[in-house]
Amino acid sequence: MTSGPRTRVEGVRIDLHTHSNRSDGTESPSELVRRAHAERIDVLGLTDHDTTEGWHEAADAAARWDLTLVRGIEVSCTFEGYGVHLLAYLPDPTYPPLAEELRRVLDGRNSRLPATLERLRALGIDIDVHDVRRVAGETAAMGRPHVADALVALGVVADRNEAFNRYLGPQGPAYVHRYAADLEAMIGTVRDAGGVSVLAHPWASRHDHTALDAAGLARLQRAGLAGLEVDHEDHDTAIREGLRRIAADLDLIVTGSSDHHGLGKLGHDLGCNTTAPDQYSRLLALAADAAAAAGRHVPEVLPG
């Protein structure tokens, strides 16, 4: 029998976008949950990049620490030629089109690595896959953040930010394009998997958000987009106000999150931005509707 998440929420502290070492965070799923409990987070969204590998461990830890876990995925997508990240909450991970598309994205991450390392070596940097593997831990796929960590470990740069600014960012000499899912198609896939889609940090300065103007966001809302991550450390006050106006005009959910990566992304402490309880309730209600419509066995919100 398909079950959807509960919709009644009282005053809670909600952080819906975090990462473990199953993608590019530095804490295991259980360590992340324990830290969230220590930081007085009541509801935690685990949204590793393009993988659900951390869900089971995080669910076990959430039960131990009496913390509500919302299972999600941050999916690498493209829209009008630009990179965009989509937060997919509570989809059935066994839904074949979703599982296949995530596999393609992860394969793209892994196939990008040799070309990235080759470009770095051409720049005179002595780095190979073993250097990356040493810092990558239990990730589902090694990507640019792990290359950045290897560069830090080798003493080439001081931190991830410098690695991306000097070498790995879109304008950097070691940047390599990779496969990403079509955004509109992925929104539909998440819906068909019984989940809900929220656009992650849509106007962050590190992304070109030219296509994500009011008209572009309205187009995505018609495709099934449910919300915008408005309160994020990469959005200044003016950007937040602009996105909040668009969300109100389109009747989209507004979320706020830390985008916590442990030591992998400084300045994104757990709970630095949070989601209002009424917006979280809306997200759960939409997830329940999507689960019922899709007839999928979607993950429960634990402990509920």
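This is a short tour of a predicted model, moving from one helix to its salt bridges and then to two loops.

**Helix α5 and its surroundings**

Begin by selecting residues 144–153, which form helix α5, and colour them apart from the rest of the chain. This helix is mostly covered, since 7 of its 10 residues are buried. To see which ones they are, show the side chains of P145, H146, V147, A148, D149, A150 and L151, the buried residues of α5. Next, add three further helices to the view, namely α3 (96–122), α4 (129–136) and α6 (160–168), because these are the elements against which the buried residues of α5 pack. Before leaving this region, step past the end of the helix to G155, which follows α5 and has a positive phi, near 80 degrees.

**From α5 to α6**

Keep D149 on display and add R160, whose side chain meets that of D149 in a salt bridge, at 2.7 Å from N to O. R160 lies in helix α6 and D149 in helix α5, so the pair ties together parts that are 11 residues apart in sequence. Are these two charged partners buried or exposed? R160, at 10% relative accessibility, counts as buried, and D149, at 18%, counts as buried as well; both values fall under the 20% cut-off for that class. This bridge comes from a search of the whole structure that finds 19 salt bridges.

**Strand β7 and helix α9**

Now move along the chain to D231 and R244, which form a salt bridge with their closest N and O atoms 2.7 Å apart. D231 is in strand β7 (residues 227–231) and R244 is in helix α9, so that the pair links distant parts of the chain, 13 residues apart. The two ends of this bridge are covered to unlike degrees: D231 is buried, with a relative accessible area of 15%, whereas R244, at 36% relative accessibility, counts as partly exposed.

With that pair still visible, select E233 and R240, whose side chains meet in another salt bridge, at 3.7 Å from N to O. Here E233 counts as partly exposed, at 37% relative accessibility, while R240 counts as buried, at 17%. Show the four side chains together, as D231, E233, R240 and R244 are joined into one network by salt bridges that share partners.

While helix α9 (residues 237–250) is in view, pick out G242, which has its place within that helix. G242 is buried, with a relative accessible area of 9%. If you draw a C-alpha to C-alpha distance from G242 to L16, the two residues are 21 Å apart in space and 226 residues apart in sequence.

**Two loops with a positive phi**

For the last stops, turn to R40, in the loop between α1 (29–38) and β2 (43–46). Its backbone is worth inspecting: the phi of R40 is near 65 degrees, a positive value in a residue other than glycine. R40 counts as exposed, at 68% relative accessibility.

Finish at E80, in the loop between β3 (68–79) and β4 (82–89). E80 is not a glycine either, and yet it has a positive phi, of about 55 degrees. With a relative accessible area of 48%, E80 is partly exposed.

How values were computed:
Residues numbered from 1 in each chain as written. Predicted model: local features only at pLDDT ≥ 70, side-chain atom pairs only at ≥ 80, totals over all residues. Heavy atoms only, no water. Buried < 20%, exposed > 50% of the residue type's maximum accessible area, 1.4 Å probe, protein only. Helix = DSSP H or I, 4+ residues; strand = E, 2+ residues; numbered from the N terminus. Contact = heavy atoms within 4.5 Å.
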